[in-house]
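Trainee: Could you take me through this model slowly, one question at a time?

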Amino acid sequence: MNFELWLNKLSDFLVEAGIPPEHGPMAALGLVFLSMTLLSLVFVLLLLKRNYRSKGAQVEMTAEPVLTEDEAETEAGPGTESETVDEVVEEKKPSSAEEESPPVEAEAAPGEETSVAALPDEEEPGSLFQRMRQGLARTRSSLVDRMDSLIGSHTSLDDEFLEELEEILITADFGMQTTQELVQALTGRLKEIEQGEPGQLYQVLGEEIRARLQAGEPDWPTPDSGPLVIMVVGVNGVGKTTTIGKLAKQFVDQGKKVVLGAGDTFRAAAAEQLEVWGERAGAEVVRHVEGSDPAAVAFDSAKAAVARNADVLILDTAGRLHTKVNLMEELKKIRRVVDREIPGAPHETLLVLDATTGQNALIQARTFQTAVEVSGIALTKLDGTAKGGIVVAISSQLDLPVRLIGIGEGVADLRPFDADEFVAALFANN
């Protein structure tokens, strides 16, 4: 339909609506002109808004903290595909005085992400086990303290006792399947427990929990050639960027050269946040403009890591809903691209999960494991939840090793998972 015919129809419509016939053509032209003007104005306003937001994010990164993790997750909203939210690092540029003095660890609520500037570089000698025990305080309260009360209210380890114990384990997020396995195993070993000796009950339960835990290898994979490539995946708000920053700092402290790939190209200021972490850790960051193809970022990151003889390449990816098939396919594409540049890469696909989400973390792990061949789990915010049993559920039901756990805000509080240490800290003094 040509413009003249369309304009005649619009004129006829306006005449039918009450416009005098002699004014119909002029009214139609005026309406078209007004519509085009309004559309142009809306388009200009959208461009100005986008430019303002982009500049605002950059200014905030150099002045005041951008967003806390909770605020970032709220801004993106549940189910957001385009603006996906990792954690947003609360960061402030140091003054010259601050640079001359060591950073002091900021006080923060358990499970809350700390700012980069507040991260301590060293841990106090002899504090490892104590930190683990403190990090598991909420889970310990949910499990062991309630077991203490249960033991005190029962004169025998009968069926009623086992039923209540099952409820306690489920509340601590061991999951139905793992809980039933533990109770069944415990039932078969009751003869080993003397009446009035609760310590033996804890010992037997601890042994059964330990048997279902898989810890990651103590050392990272060693590639035949080129850098070690770690691809970090996970849903919105679980702590991927913070985990990458802490991990990069640990590698750099070991004398390794680290490159970070800013593959989260969808969330505003995501690359800037990773650059802040890279600057503080002493790692180089490869990034593209916002909205770029993440696979292209992965390609350039791999090229840069090889060209600069880096020891480690850590690839960030956009936070995504594990239920979105197209976004999971994007992760597969990144894997293919990196493998072409560095054969065998990624050598480790690290799935970051938020311990505070409980059984939902188990659902996420199942989906990611199918889509991108997850090789290990990093479980964050373990210090902020009473659902620490999810460690056992994931390891037992998915046959996946838990490589890293987060039990605090400091760099050293992202630590390799030790199954023996976990059980010992959980049942210490019992």
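Mentor: Let us begin where a helix ends: H14 is followed by glutamate 373, whose phi is positive, near 55°. This is a predicted model, in which local features need pLDDT of at least 70 and side-chain atom pairs count only at pLDDT 80 or more, while totals for chains, interfaces and linings use all residues. Residues are numbered from 1 along each chain as its sequence is written, and side-chain values use heavy atoms, with hydrogens and water left out.

Trainee: What distance does helix H14 reach from its first C-alpha to its last?

Mentor: Helices are DSSP runs of H or I with at least four residues, and strands are runs of E with at least two, numbered from the N terminus. H14 covers residues 359-372, which is 14 residues. The expected span is 1.5 Å times one less than the number of residues, and for H14 the expected value is 20 Å, close to the reach found in the model, 20 Å.

Trainee: How many of the eight residues of helix H16 are buried?

Mentor: Buried means under 20% relative accessible area, exposed over 50%, and partly exposed in between, with a 1.4 Å probe and protein chains only. In H16, residues 419-426, the buried ones are Ala419, Glu421, Phe422, Val423, Ala425 and Leu426. The helix is therefore mostly covered, and the number buried is six.

Trainee: Is leucine 48 buried or exposed?

Mentor: Leucine 48 has its place in helix H2, residues 24-62. Because its relative accessibility is 53%, leucine 48 counts as exposed.
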